Amino acid sequence: MLRNGKNKPKISIIVPVYNVEQYLEECLHSLIQQTLIEIEIICVDDCSSDNSGNIIDSYAIKDPRIKPIHLKKNCGTSCARKNGVMQAQGSYIMFCDADDMYKSNACQRIWEEMSANPVDILQFGTDVRYGKTYTNLEKQNLKNVLKPYCKQYSGDLCKACFKDKNWSFTLWNKAYNSAVCKKAFLEIDDKYIVVAEDLYAFFYISFYASRYRGIDDKLYIYNFGIGITNSSRLDFTQFEKHVTKLKVSEALTEFSCKKGLDKKHIELIRTIKNNIITDLLYQWYN
């Protein structure tokens with residue numbers, strides 16, 4: 001029985017945690033209530049200054065499937081996720097933001113789908129809860145971004161995502177082959193990155209992966225309108241966090257040089273870099 005630490009988990013869930021005491025218990029409750037028992041929940045406390053670390057530890061006492069990692073300094077979401085991935089023992093890896101939740105059957109459905117037809121990346125649907133009022137157009141745009149590509153795709157997944165836009169680079173509405181995910185996260189620099197961290201990680205995962213599939217099942221509960229990326233107007237502190245996106249641009253350029261990527265991937269990275277700069281200029285202007 002996995003609760004006693006005797007068996008390898010089927011799925012590892014990585015939860016980066018930083019000052020989210022208001023939402024964390026609801027998140028953790030949704031994870032320990034999964035109908036699939038053979039999971040591990042790796043909570044990486046990114047040196048929180050609130051009660052988040054204590055909440056994680058208290059849940060770990062109740063359920064040994066929760067594995068706390070307490071970082072000694074605030075490293076950012078990207079680095080926190082990397083710490084979790086490197087400790088993961090499951091056959092598949094999933095991510096959950098600490099202010100979001102899973103449906104109770106999420107891991108069970110993922111395991112069934114991966115067992116029947118394994119792929120490197122399996123995307124699933126998202127149930128969005130809006131933290132504030134949005135127009136119908138804004139809601140439809142988000143729905144389009146989060147919609148899975150409900151076909152099987154083999155080949156250049158970087159091109160399919162970042163150029164053809166068959167699916168988005170959101171990290172948390174997908175499950176990943178553990179070996180591919182670990183290989184990708186080894187490329188992640190230990191830099192403070194809290195915005196565009198999904199893009200950063202998913203580029204590497206897409207680069208090393210070769211098979212994608214999407215299913216309609218809404219397995220992730222996304223609380224939209226809480227984080228800094230959803231603010232309509234930023235203060236200077238929030239803008240400083242957005243500027244960490246430039247580190248993503250730099251890292252992808254370095255990756256291109258190190259791996260000697262072909263022309264199409266170089267052009268893809270250049271397009272991503274231009275989009276990041278354009279977005280920052282727009283945010284600064286507004």
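Helices and strands are DSSP runs, numbered from the N terminus. The model is predicted. Two helix pairings are described below, followed by individual residues in loops and strands.

Cys47 sits in the loop that links strand S2 (39-45) to H2. Its phi is positive, at about 55°, although Cys47 is not a glycine. Most residues other than glycine have a negative phi. Cys47 is partly exposed, with a relative accessibility of 31%. Ala196 is another non-glycine residue with a positive phi, here about 70°. Ala196 belongs to the loop between helix H7 (178-185) and helix H8 (197-208). Its relative accessible area is 16%. Ala196 therefore counts as buried, as the cut-off for that class is under 20%.

Helix H2 (residues 52-62), which follows the Cys47 loop, packs with helix H1 (residues 21-32). The two axes come within 9 Å and cross at roughly 25°. H1 is therefore roughly parallel to H2, because angles under 35 degrees fall in that class. The crossing of H1 and H2 is right-handed. On the H1 side, the contact is made by Glu21, Leu24, Glu25, Leu28, His29 and Ile32. H2 contributes Ser52, Ile55, Ile56 and Tyr59. By class, the contact residues of H1 and H2 are 6 nonpolar, 2 polar and 2 charged.

Val17, in strand S1 (residues 11-17), touches residues from both sides of this helix contact. Among the contacts of Val17 are Leu24, Ser52 and Ile56. Leu24 belongs to the H1 side, and Ser52 and Ile56 to the H2 side. Val17 also contacts Val44, Asp45, Asp46, Ser48 and Ala98, with neighbours within four places in sequence left aside. Val17 and Ala98 are 81 residues apart along the chain, yet their C-alpha atoms are separated by 5.8 Å. Val17 is buried, at a relative accessible area of 1%.

Thr35 occupies the loop between H1 and S2. Thr35 is partly exposed, at 45% relative accessible area. Beyond residues up to four places away in sequence, Thr35 touches Ser104, Asn105 and Gln108. Thr35 and Ser178 are 143 residues apart in sequence. In space, their C-alpha atoms are 21 Å apart.

The second helix pairing involves H7. Helix H3 (residues 77-87) packs against H7 at an angle of about 135°, and the axes are 10 Å apart. H3 is therefore oblique to H7. The angle falls short of the roughly antiparallel class, because that class requires over 145 degrees. H3 passes H7 in a left-handed crossing. Ser78, Arg81, Lys82, Val85, Met86 and Gln87 make the contact from H3. Cys181, Lys182 and Phe185 make the contact from H7. The contact residues of H3 and H7 divide into 4 nonpolar, 2 polar and 3 charged.

Two buried residues with polar side chains were also examined. Gln123 is part of strand S6 (residues 121-130). Gln123 is buried, with a relative accessible area of 0%. Its side chain joins that of Tyr212 through a polar contact of 2.7 Å. Tyr212 is one of a run of contacts that also includes Arg213, Gly214 and Ile215. Gln123 further touches Leu146, Lys147, Pro148 and Tyr149. Trp167, Asn173 and Lys174 complete the list, which leaves out residues up to four places away in sequence.

Ser168 lies in the loop between helix H6 (157-163) and strand S8 (174-177). Ser168 is buried, with a relative accessible area of 12%. Its side chain reaches the backbone oxygen of Val145 at 3.1 Å. Outside its neighbours within four places in sequence, Ser168 is in contact with Val145, Cys161, Lys174 and Phe202. Lys174 is also among the residues touched by Gln123.

How values were computed
Residues are numbered from 1 along each chain as its sequence is written. This is a predicted model: local features need pLDDT of at least 70, side-chain atom pairs count only at pLDDT 80 or more; totals for chains, interfaces and linings use all residues. Side-chain values use heavy atoms; hydrogens and water are left out. Axes are lines fitted to C-alpha atoms, for helices over the stretch in contact, and angles run from 0 to 180 degrees between N-to-C directions. Helices (H or I, at least four residues) and strands (E, at least two) are DSSP runs, numbered from the N terminus. Angles under 35 degrees count as roughly parallel, over 145 as roughly antiparallel, 65 to 115 as roughly perpendicular and the rest as oblique. A crossing is left-handed if the near helix is turned anticlockwise from the far one by less than a right angle, and right-handed if clockwise. Contact means heavy atoms within 4.5 Å. Ala, Val, Leu, Ile, Met, Phe, Trp, Tyr, Cys and Pro count as nonpolar, Asp, Glu, Lys and Arg as charged, and the others, Gly among them, as polar. Buried means under 20% relative accessible area, exposed over 50%, partly exposed in between (1.4 Å probe, protein chains only). A polar contact is a pair of N or O atoms within 3.5 Å; within protein, one must be able to donate a hydrogen and the other to accept it, and residues adjacent in sequence count only if both atoms are side-chain atoms.
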